[in-house]
Amino acid sequence: PESITVQELANRMAEKGADLVKSLFKMGTAVTLNQPIDQDTAELLVEEFGHRIQRVSDADVEIGIEGDVDAPETLQQRAPVVTIMGHVDHGKTSLLDALRGTDVVAGESGGITQHIGAYQVTTKGGEVITFLDTPGHEAFSEMRARGANVTDIVILVVAADDGLMPQTIEAINHTKAAGVPMIVAINKCDKPEANPQKVRERLLEHEIVVEDMGGEVQDVQVSALKKTGLDELIEKILLQAEVMELSANPDRAAEGNVIEAQLDKGRGAVATVLVRKGVLKVGDTFVIGAESGKVRALVNDKGQNVKTAGPSTPVEVLGLSGVPRAGDQLTVVENEARAREVAAYRQEQATKKRTTSAPTSFEHMFSALN
Ligand code: GTP
Ligand code: MG
């Protein structure tokens, strides 16, 4: 793996992709976010942004844990991954539930939906959208700081009766810092005291210019309670996703990130993993953070056992040696010896991190340190 895409490098440095593109342009290199750059250029950029370069062990590099780029012809469209953020009580959970209620597949199977921290909705048109249960702003930025920028699109929920509140602004700042496009869902529009226009105006103060105000940020009036505006919101998500041309190579060893993990009575360590690339299969040997394992079972968001999970799919993974942390990377490796080797290496790195005051290694080819 001698190259990395601009976006991936930006993620690792917790910088905006657009800023990297600008910098590269100044250096005389015109590239887009999804284009790979070579290692020398990447190192230059890392220094330019005041970060320190750290190459992790050959073990990590050799198996291509990170920083490897799939050839363009291997890429296939994947579902967008959407996170809902906003102030307390503005209706994030209600909106998620309402959106989940539009899932045509769940309706058919009649299955009991299971809380796995993430779920997929199949729209009337057959498109799939992956939603992450709001992990809280802290978790969002923590995961991002650790190089796990799993969200493609943020939906900012603002209650039309309450307007912009401290956590709304926090969410705006996190989203900006992550360089993730935002769709504003103005919620509780059923309330008599709702004032969506005021929300739009207040957003201007934070440089969020919505379409109605002549800007480019999509906004939509919804009521999670009355279930209005949901189709429009879904349309806007799909439109945004289309512009982004989200893709992944399904035909490779799987990689993913931990959304949440816990020790489950009877089932042992269980992690909800969002698959990013490749297809994760029952029987696969993997490393997950500093833990390793062999996939004993995969459970989807409808509580069904599945044999495989492809890009943008959240699944519960059973068969872990221990409980990983949110944001940890899952990587499928060829055999158990390899898994143990990489896990031991990562554990060693983690110990080093704790015992020295040295800055954190993000287990990436380039770490993003100030
Ligand atoms: P936290 O998880 O505590 O941050 O809250 P939340 O953002 O998830 O809000 P939640 O969905 O729990 O909704 C908070 C309250 O607002 C609940 O009493 C909901 O019933 C109410 N609510 C949510 N959406 C709407 C809506 O569209 N209209 C009205 N009238 N009430 C709503
Ligand atoms: Mg909630």
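## A buried aspartate, a ligand shell and an open sheet

Asp301 counts as buried, because its relative accessibility is 6%, and the cut-off for that label is under 20%. Keep in mind as you look around that this is a predicted model.

So where does this residue sit in the chain? Asp301 belongs to the loop that links β15 (291–299) with β16 (305–306). Its side chain has a couple of partners to look at. One is the backbone nitrogen of Gln120, which the Asp301 side chain reaches at 2.6 Å. Another is the side chain of Lys302, with which the side chain of Asp301 makes a polar contact at 3.3 Å.

Now for the ligand. There are 15 residues around ligand 1, and the ones that come nearest are Lys92, Thr93, Ser94, Asp190 and Ala224. Which element gives the largest share of this shell? That's helix α5 (residues 92–100), with 3 residues. By character, the shell around ligand 1 splits into 7 polar, 5 charged and 3 nonpolar residues.

Here are some of the atom pairs between ligand 1 and the protein:

| Ligand 1 atom | Protein partner | Distance |
|---|---|---|
| oxygen | polar backbone atom of Asp89 | 3.0 Å |
| oxygen | polar backbone atom of Gly91 | 2.9 Å |
| nitrogen | N or O atom in the side chain of Asp190 | 2.7 Å |

How much of ligand 1 does the protein cover? On its own, ligand 1 has 650 Å² of accessible area, and the protein covers 69% of that. Asp190 is worth a second look: it is among the residues that come nearest to ligand 1, and its side chain has an N or O atom 2.7 Å from a ligand nitrogen.

On to the sheet. Six strands make up an open sheet with mixed pairing, and their order is β5-β6-β4-β7-β8-β9. Why do β5 (118–122) and β9 (218–221) each have one side without a neighbour in the sheet? They stand at the edges and have a single partner strand each, so nothing in the sheet flanks the other side. Averaged over this sheet and ignoring direction, neighbouring strands are turned by 25° against each other.

As a general point, strands in a sheet pair through backbone hydrogen bonds, and the pairing is either parallel or antiparallel. For one pair here, strand β7 (residues 153–159) and strand β8 (residues 182–187) run parallel and are joined by 6 bridges. If you want a spot to find that pair on screen, look for Val154, which stands opposite Met182 in β8.

Key
Residues are numbered from 1 along each chain as its sequence is written. Chains are lettered from A and ligands numbered from 1 in the order in which they are written. This is a predicted model: local features need pLDDT of at least 70, side-chain atom pairs count only at pLDDT 80 or more; totals for chains, interfaces and linings use all residues. Side-chain values use heavy atoms; hydrogens and water are left out. A residue is near a molecule or strand if one of its heavy atoms lies within 4 Å of it. A polar contact is a pair of N or O atoms within 3.5 Å; within protein, one must be able to donate a hydrogen and the other to accept it, and residues adjacent in sequence count only if both atoms are side-chain atoms. Accessible areas come from the Shrake-Rupley method with a 1.4 Å probe; for residues, only the protein chains shown count as cover. Helices (H or I, at least four residues) and strands (E, at least two) are DSSP runs, numbered from the N terminus. Ala, Val, Leu, Ile, Met, Phe, Trp, Tyr, Cys and Pro count as nonpolar, Asp, Glu, Lys and Arg as charged, and the others, Gly among them, as polar. Buried means under 20% relative accessible area, exposed over 50%, partly exposed in between (1.4 Å probe, protein chains only). Two strands pair if DSSP finds at least two bridges between them. Axes are lines fitted to C-alpha atoms, for helices over the stretch in contact, and angles run from 0 to 180 degrees between N-to-C directions.
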